[in-house]
Amino acid sequence: MKIKTSAPGKLMLFGEHAVIHQHPCLVTAVDLRIQVSIEKIETPMIFIETPRLHERGQDYSLSINDLFNDQQLHPQTKFIVASIRKVFSKYNLHHGLRIQTSGPLNSYGLGSSSAVTVATIYALINLFEIVLNKQRLFDLAYSAVLEVQHLGSGFDVASAIYGETLFYTPGQEVEILPLEQLPIVMAYSGAKVSTTRLVEEVEQLRSQFPEIIDPVFKSIGNIATSARYAILQNNWSTAGKLANINQGLLESLGVSTPSLQKPIMAARKSGSFGAKLSGAGGGDCMFAIISQETRSKVEAAIENSGAQVLHFAANVEGVRLEIEHL
Ligand code: PMV
């Protein structure tokens with residue numbers, strides 16, 4: 001039996017960094033899907049092929065007996081192996097597997113780790129006919145992500161599972177926002193240092209100035225709450241102003257860079273409602289809130305500033321089953 005699943009990438013809209021401290025955030029799922037296909041094999045081995053390994057003429061294999069050995073996880077397969085570990089230990093499974101992933105080689109920091117984790121776990125539970133609701137799927141996938149990267153609010157895992165646009169507060173029920181449209185332009189500013197490093201730098205700032213940084217986090221959480229309301233009302237002009245304030249607070253945390261600020265300023269000057277960075281900062285993506293009339297002007301201004309406009313649809317479906325062969 002072979003199962004194929006896919007899960008979307010994500011774009012953080014409001015609330016990054018503060019969400020680590022239990023404040024709410026808004027995230028939208030983007031149509032940069034990672035596919036995972038898994039079949040059972042008789043050999044007690046796990047074989048994994050990914051586009052990156054394929055590009056280098058490599059593949060990866062692991063004996064089932066070594067699955068839980070605390071060896072250094074391979075960088076190209078760590079989220080997949082952590083996912084198998086979680087499912088196999090929870091459900092006491094030992095079967096050999098052949099796994100193939102596919103998706104774009106460049107994921108622009110749009111959440112390929114959470115997408116591959118969620119798609120792998122969803123494929124495994126279907127393959128072994130385990131019934132799991134979305135909350136339990138989240139718990140498993142989030143624990144796999146934490147095993148690899150040790151920190152993270154789980155917003156990206158929730159986005160890969162539920163899709164659409166979410167109001168997410170760690171430890172609380174996810175709210176799916178019923179949106180008809182999400183008028184944004186997103187763009188890639190270039191590579192960044194790791195999310196873990198940026199989160200640690202912000203944490204250091206907080207431990208040095210807790211009485212200053214905690215209120216900044218609180219304000220960012222309040223912005224996410226106000227933006228939820230504005231978006232539900234289709235009030236994009238208010239959402240844009242909130243994006244600009246959120247960007248100012250992220251600058252105060254030291255996570256914005258010239259490669260992000262240039263397209264953000266270009267988007268504001270060319271008639272967007274507002275613009276901000278998305279995610280941990282230090283590079284990766286920004287987005288602008290636009291009207292259909294200003295879209296092409298804003299896109300051209302962003303491109304002229306040196307960033308790359310990305311044409312992935314937002315507010316798309318979460319994890320899904322693609323194919324099942326008996
Ligand atoms: O850099 P990204 O897109 O993975 O986003 C990180 C967002 C943070 O709030 C900084 C971390 C988190 O897990 O919420």
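These exercises work through ring pairs, charges over rings, a helix crossing and one serine in a predicted model.

**Exercise 1. Classify the ring pair Tyr108 and Phe312, and place it in the chain.**

Solution.
- Start with the search: the whole structure holds 6 aromatic pairs.
- One of them joins Tyr108 and Phe312, with 6.0 Å centre to centre and 55° between the planes.
- Test the distance: centres must lie within 6.5 Å to pair.
- Test the angle: under 30 degrees is stacked and over 60 is edge-to-face, so a pair at 55° is tilted.
- Locate the partners. Tyr108 is in the loop between strand 5 (96–102) and helix 3 (112–127). Phe312 is in the loop between strand 11 (308–310) and strand 12 (320–325).
- The two residues are 204 residues apart, and the pair links distant parts of the chain.
- Widen the view: Tyr108, Phe312 and Tyr188 form one aromatic cluster.

**Exercise 2. Decide whether Tyr108 is buried or exposed, and do the same for Phe312.**

Solution.
- Buried means under 20% relative accessible area, and exposed means over 50%.
- Tyr108 has 14% relative accessibility, so Tyr108 counts as buried.
- Phe312 has 25%, so Phe312 counts as partly exposed.

**Exercise 3. Find which ring faces carry Arg228 and Lys276.**

Solution.
- Arg228 lies over the face of Phe167, 5.7 Å from the ring centre.
- Lys276 lies over the face of Phe14, 5.8 Å from the ring centre.
- The distance cut-off is within 6 Å of the ring centre.

**Exercise 4. Describe how helix 3 and helix 5 pack.**

Solution.
- Two numbers are needed: packed helices are described by the angle between their axes and the distance between the axes.
- The axes of helix 3 and helix 5 (residues 155–162) come within 9 Å and cross at roughly 50°.
- Angles under 35 degrees count as roughly parallel, and 65 to 115 as roughly perpendicular. Helix 3 and helix 5 are therefore oblique to each other.
- The handedness comes next: helix 3 passes helix 5 in a right-handed crossing.
- Helix 3 makes the contact with Ser114, Ala115 and Val118. Helix 5 contributes Asp156, Val157, Ala160 and Ile161.

**Exercise 5. Characterise Ser252: its element, exposure and contacts.**

Solution.
- Ser252 is in helix 8 (residues 236–252).
- Its relative accessibility is 45%, so Ser252 counts as partly exposed.
- Leaving out residues up to four places away in sequence, Ser252 touches Leu205 and Val216.
- For a separation check, take Ala29: Ser252 and Ala29 are 223 residues apart in sequence and 27 Å apart in space, C-alpha to C-alpha.

Technical notes:
Residues are numbered from 1 along each chain as its sequence is written. This is a predicted model: local features need pLDDT of at least 70, side-chain atom pairs count only at pLDDT 80 or more; totals for chains, interfaces and linings use all residues. Side-chain values use heavy atoms; hydrogens and water are left out. Helices (H or I, at least four residues) and strands (E, at least two) are DSSP runs, numbered from the N terminus. Buried means under 20% relative accessible area, exposed over 50%, partly exposed in between (1.4 Å probe, protein chains only). A charge sits over a ring if NZ of Lys or CZ of Arg is within 6 Å of the ring centre and within 35 degrees of the ring normal. Axes are lines fitted to C-alpha atoms, for helices over the stretch in contact, and angles run from 0 to 180 degrees between N-to-C directions. Angles under 35 degrees count as roughly parallel, over 145 as roughly antiparallel, 65 to 115 as roughly perpendicular and the rest as oblique. A crossing is left-handed if the near helix is turned anticlockwise from the far one by less than a right angle, and right-handed if clockwise. Contact means heavy atoms within 4.5 Å.
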